[in-house]
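Student: I'm new to this one. Could you walk me through how to read it?
Tutor: Sure, let's bring it up and go feature by feature.

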Amino acid sequence: MVTPTHPSTASTVHASTANKLASVDHPLDPLTPDEIKAVTLTIRKYTVEHTEIRAVKFITCILLPPPKRAVLAALGIPVTSGGKPEALTKIIRKAESDFFDAVNGTAYNTVVVLIDGEWKVESLERLPEGTQPNITVDELIQCEVIVQNDSRVQALAKEVGIEPHQIFADGWVIGWDDRFPKERRLAQAFVFARFSRHENLYAHPLDFVPVIDTIARKIIHIDFPPAWRKQADGSVKLSLPTTQPQPLSDDAFEGTNRPRIQPPLMHHDFLPDLMKEADPNYKERNDVKPLHVIQPEGVSFKMHGNVLEWQKWKMHIAYSFREGVVLSTITYNDDGEIRPVFYRLSIAEMVVPYGSPEYPHSRKFAFDSGEYGMGIMANELSLGCDCLGKIHYMSGAFVDNSGAAVILKNVICVHEEDAGVLWKHSDYRPGGRSRTVRSRRLVVSMVCTLANYEYIWNYYFYQDGNIELEIRLTGILQVYVTGSDEPIPHGTTVAPGVNAHFHQHIFSLRVDPMLDGLQNSVIESEIVGVDAPTGSKENFAGNAFVVKDRVLKSQAEDGARDFDWASERRWRIANLNKTHYSSGKPSSYTIMMKGGAVPLLAKKDSWVARRASFAHKQLWVVRDKEGPKGSRLYPSGRYVPQTREEPEDSVGKWVNGGSGNIENEDIVLFLTLGTTHIPRPEDWPHINVLFKPSSFFAKNPSMDVPGTNDLQSQPAFDAHGSGGLPTNELNGTACCAN
């Protein structure tokens, strides 16, 4: 039987055409499936003809974006406030690919350029020893096959009553393990039992963790976590004297000083038919009445390829194998003036550090973007399920190990939705009039499955100039088996025998601003009470407070900032060259992220903190620096798997080793936000960040949004159904149409 090498989220493998020029409407359009196949074919031919490489294993194949100024010139967007677009420069379409020599495991990076309709290799570079490109879906699926077919794993499973056909495993990048050479490409596998095809395997975790060499395709070691024990005085103690890794020469299981742990057998399913099998009394709710989203005249947005226009907004939307959704060249039509707002928005990195210190749990921290690729695991979205109403879908494509293009259909959802009241006022005086305007928002969304977790990314654009990113977490907890009555100091027993470790989800939102041009700054504001005491002539009532602003100037000194709850610290991205006609303040967008500002709880010199330097601070500001491989994109480095120290191309190194000015420059921000997850069975957290215009518009830009009188809306009950009090009339005249 042939083992499938693509996830269930993949729609199809593209049957590519010849090496030819694809139709591209926008310089930032991602590579088409035809282009991916043409590029990988070009690389294969080149390696055979010009190198000793005889077998290629592809990891990535992506667009190498053209220079920022060239893109803006092509789109007619000025780079200075009040200026004209720069002169057009020729844009050459380029692609970039990481691949392995499939024989010896050496990693390479190559740039391929499109010249006269033909792709040609421009450069081929061998990556430094130990550098690991992201792990692929093919490798993750192979990890499970390797685990299932390993005789030692089968024997260990048999000892606790699990048959070989019931063994399943989630492959993870190993994170950190200096017992093995850095140049070995390693994964760890969390092992589970599954008793029927579609049941929730996370209900049955096993008590060992294999380590896999993904190039050699074999298990090279098996780790056994120790157990916690309750002491007579009520404290808890580990079955080992230390949380550090045990030497490879030792017997891994004997060293744990614990017995084998039987996997829990109780079913905890999420599919209705399986829940019905487990509990004959289970039934779905029958009191949920239909709620339809209808737009009888169609949608209010327009699409031209990847370019979207809606309610004065215009932007480019692209699929990225690593970042998921990338929004670029975002502008706003302010009464005829095209105002540049953001050049690029994306989730550039995220890390999920778990909080249990005993080995091997301490190496459990996943960089879901940099180690795997968020977009690779994007779901094909379903009409009427993931997205409601009139929907426009966009597809994506990534390369598999063979060089073929894997197509993900309907991975980006674009639609409109009602967002409550935009603004309202009633003149309370006799005979006074009132006005209510409802808010419409545009949604650009994606859902990604990373093994057990689902991440829902919602970018919202509002009629009043606001932009919001909402991140929702759902799915199933990542768990480990626990012994009967075993105390769990670093997790929650969410079901008998099932331990969900405490953990954090920490995201890095990359913001490349172009507010009224590329010369931008960051203003830090603190809200403080005035020093003058109560009773003084300056503050007689004692109530005064002020806002203190400071422009961040030096990259080395001001480029890394903490959030300060006491002073309500906040930041504005500003163009100091353009001021508001009334307030006198610079044109700016305020960053509203107080609810998502979460500190990394691991020690500053911990394994995860040394690799995820972005998580140390809530805000990073650096000057953008475009090179042959593009801008400063990834806060934890381009190549993340198995790093053991902070990479040179990471945001911490850019700031701490940088010099120069970040005032009135082409800058890039990295915002750190997240949530700390103390698991509970019913816990599904979500977080968000919001950008709000500040002295950017002359007035509220949504004042021209028409009032609403939706004749499809009706009272939920009869006219006197609320305790006998009259409710809104059918024609809506009480608030909307007056």
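**A residue in a loop**

Tutor: N200 has a relative accessibility of 7%, so N200 counts as buried, the cut-off being under 20%. Keep in mind that this is a predicted model.

Student: Where does N200 sit along the chain?

Tutor: N200 belongs to the loop between β7 (186-193) and β8 (209-213).

Student: Which residues does N200 touch, leaving out those up to four places away in sequence?

Tutor: N200 touches H268, D269, F270 and I476. Take H268: N200 and H268 are 68 residues apart in sequence, yet their C-alpha atoms are 6.3 Å apart in space. A polar atom of the N200 side chain also lies 2.7 Å from the backbone oxygen of H268.

Student: How do I read the strands, say β32? Which strands does β32 pair with?

Tutor: Look for bridges. Strand β29 (residues 560-561) runs antiparallel to β32, with two bridges joining them; A560 has W620 of β32 as its bridge partner. β32 also pairs with strand β33 (residues 667-677), again antiparallel, over five bridges. There, V622 is partnered by V668 in β33.

Student: And is β32 (residues 619-623) mostly covered or uncovered?

Tutor: Mostly covered, with four of its five residues buried.

Student: What about helices?

Tutor: An α-helix has 3.6 residues a turn, so residues three or four places apart point the same way. Now try helix α3 (residues 137-149): its buried residues include V137, L140 and V147.

Student: What length should α3 have, at 1.5 Å a residue?

Tutor: Its 13 residues should span 18 Å, and the end C-alpha atoms are 19 Å apart, which agrees.

Terms used
Residues are numbered from 1 along each chain as its sequence is written. This is a predicted model: local features need pLDDT of at least 70, side-chain atom pairs count only at pLDDT 80 or more; totals for chains, interfaces and linings use all residues. Side-chain values use heavy atoms; hydrogens and water are left out. Buried means under 20% relative accessible area, exposed over 50%, partly exposed in between (1.4 Å probe, protein chains only). Two strands pair if DSSP finds at least two bridges between them. The expected span of a helix is 1.5 Å times one less than its number of residues. Contact means heavy atoms within 4.5 Å. A polar contact is a pair of N or O atoms within 3.5 Å; within protein, one must be able to donate a hydrogen and the other to accept it, and residues adjacent in sequence count only if both atoms are side-chain atoms.
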